[in-house]
Amino acid sequence: MHDGVASRLAPLLTRVLLGEENAAPAAADELPVQVRAWDGSVVGPAGAPAFVIRHRRALRRLLWKPGEMGLVRAYVAGELDIEGDVFAALDAVQRMMRSGDEPIRLSSDDKREIVRTAVMLGAVGPEPKPPAEEFPAGRADGEVTGPLDASPEFFTRMLGPSLAHGTGLWDQAVDLTDAQRAALEAAAERLGLFPGARLLDLNAGWGAFALHAARACDVRVVALTRTHRQAEHLRERAAAAGLADRIDPRAWDLDAAGDGPYDAIVDLAGVETADRDTARLYGLLAPTGRLLLRVQARRPGPHQIRRTFTTSYMFPEDGGLRPLGEIVSDVEAAGLEVRTVGALREHHARTLRSWAANLQRHWAEAAELAGPGHARVWLLYLAASALACESGRVGVHEICAVRRDHDGRAGATLVEGRAVVSR
């Protein structure tokens, strides 16, 4: 029904989501999403994904923080729900908001109209505090907390039984398990792992690659983990698999890696960590040792640094994404020879969608294990990241490099492996 709160919300939401320049008058049925208010009234086309405003506080958040942050805070706090296809709902809003590239700006007339409407709806008041999930507090030892510190039981529901947290390779895969197995095998092949080799995993997560490398390639692994939960879980998995003497979980800081030398260094997580010092990685590698990084990169060109959903909720300690060329240049400037660069953008998007489907399939359990707010943060992050990959705003690339020996050789047994090409 169009009468009621929802009909009054349509012009207000148009202004706070689009801003002055893009808020052209439109009929309610021309909105790309439905809006359902707390009184049951609805505006928007039938069959479209619905934003359900369950509490007036959601409007207050949007009034104080127009655009992305207000919407995210209301969703994480449970004051606003998304019914239907979460990906389609976020895609519609991002298109309306020009993908969040610019902050929303409101004219004086818009602000007066918004306040008048908000008064009528009883949504005026002081700015609500951000949800507790927005500011994960670091511990004294630099330990990461927040969504990343959820239990292994939660991540098993989302990532799958292997707990692999990197990009799957989908060329021949029929499901997520196949895609992750292919990714682990391809990484081991590219690194040229051999029995007795020493491997440094810069972002081991729950240990999927460390376990695979130790078991299949008989290597010794130093595994850096973001959280104590991850380190302890990896120790338990290694002991259960009879690999405790080959896997050594350590703290997140690169200093925990020691002095090397390592025959191979790997990071399959897809997020470039702020403390990665490529010059230090060069020093940790043995001559002819190999480096394999899977990293996210943004489009080249001017980039406005601002606070976003990702920097507030997911990786507040990490730097912003950089263009691929900058990352490759850093690797080369450290003295490493870049051998191959491959694109994994479509593979990463499909992996993210698979994780989101797992999370939604186990939603009740996941919300109980991690808390409803953190479960919502993860679903929003996975959906937003997948859409960013699919649109090409964010890419995922694999960079393979080698430390040449004193004679300039990259190693007589270097195997390039098959090229990674997105399809």
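Trainee: Before we get to the sheets, when do two strands pair?

Mentor: This is a predicted model, by the way. For pairing, DSSP has to find bridges between the two strands. The number it needs is at least two.

Trainee: With that in hand, what is the order of the open sheet of four strands?

Mentor: Start from the edges, where each strand pairs on one side only: those are β2 (42-43) and β4 (80-83). The pairing in this sheet is mixed. Reading across, the order is β2-β1-β3-β4.

Trainee: Do β3 and β4 run parallel or antiparallel, and how many bridges join them?

Mentor: Strand β3 covers residues 50-53. For a landmark, look at Ile 53, which stands opposite Leu 80 in β4. The two strands run antiparallel, and the number of bridges joining them is four.

Trainee: Now the open sheet of seven strands: which are its edge strands?

Mentor: Let's lay out the order, which is β7-β6-β5-β8-β9-β11-β10, again with mixed pairing. From one strand to the next, the twist averages 15°. The strands that pair on one side only are β7 (247-250) and β10 (337-343).

Trainee: In what sense do β8 and β9 pair?

Mentor: Find β8 at residues 262-267 and β9 at residues 285-298, with five bridges between them. Tyr 262 stands opposite Leu 285 in β9, so to speak a handy place to start looking. The sense of the pairing is parallel.

Trainee: Which helix packs on this sheet and touches β5, β8, β9, β10 and β11?

Mentor: Look for a helix at residues 176-191. Its direction makes about 140° with that of β9. That's helix α7.

Trainee: And at what angle does helix α9 run to β7?

Mentor: Helix α9 takes in residues 228-240. It lies across β6 (220-224) and β7. Its angle to β7 is about 170°.

Trainee: Is His 397 buried or exposed?

Mentor: His 397 sits in strand β11. Setting aside residues up to four places away in sequence, it touches Leu 293, Arg 294, Val 295, Ala 297, Leu 324, Gly 342 and Ala 343. Its relative accessible area is 17%, and since the cut-off is under 20%, His 397 counts as buried.

Trainee: Which peptide bond is cis, with omega near 0°?

Mentor: Most peptide bonds are trans, so a cis one is worth a look. Go to the loop between β7 and β8, where you'll find Pro 261. The cis bond is the one from Gly 260 to Pro 261.

Trainee: What is the phi of Leu 163?

Mentor: Most residues other than glycine have a negative phi. Leu 163 lies in the loop between α6 (152-159) and α7, and it is buried at 2% relative accessibility. Though not a glycine, Leu 163 has a positive phi of about 60°.

Trainee: How exposed is Thr 288, given its positive phi?

Mentor: Thr 288 belongs to strand β9. Its phi is near 70°. With a relative accessible area of 31%, Thr 288 is partly exposed.

Trainee: Last one: which residues make the nonpolar surface patch of about 260 Å²?

Mentor: One of them is in helix α5 (residues 108-121), namely Val 119. Val 119 is exposed, at 52% relative accessible area. The patch is made by Val 115, Val 119 and Val 124.

Methods:
Residues numbered from 1 in each chain as written. Predicted model: local features only at pLDDT ≥ 70, side-chain atom pairs only at ≥ 80, totals over all residues. Heavy atoms only, no water. Axes fitted to C-alpha atoms, helices over the stretch in contact; angles between N-to-C directions. Contact = heavy atoms within 4.5 Å. Buried < 20%, exposed > 50% of the residue type's maximum accessible area, 1.4 Å probe, protein only. Patch = residues over 30% accessible without salt bridge, like charges linked within 9 Å, V, L, I, M, F, W, Y side chains within 5 Å. Areas by Shrake-Rupley, 256 points an atom, 1.4 Å probe, with all protein chains shown as cover. Salt bridge = Lys/Arg side-chain N within 4 Å of Asp/Glu carboxyl O.
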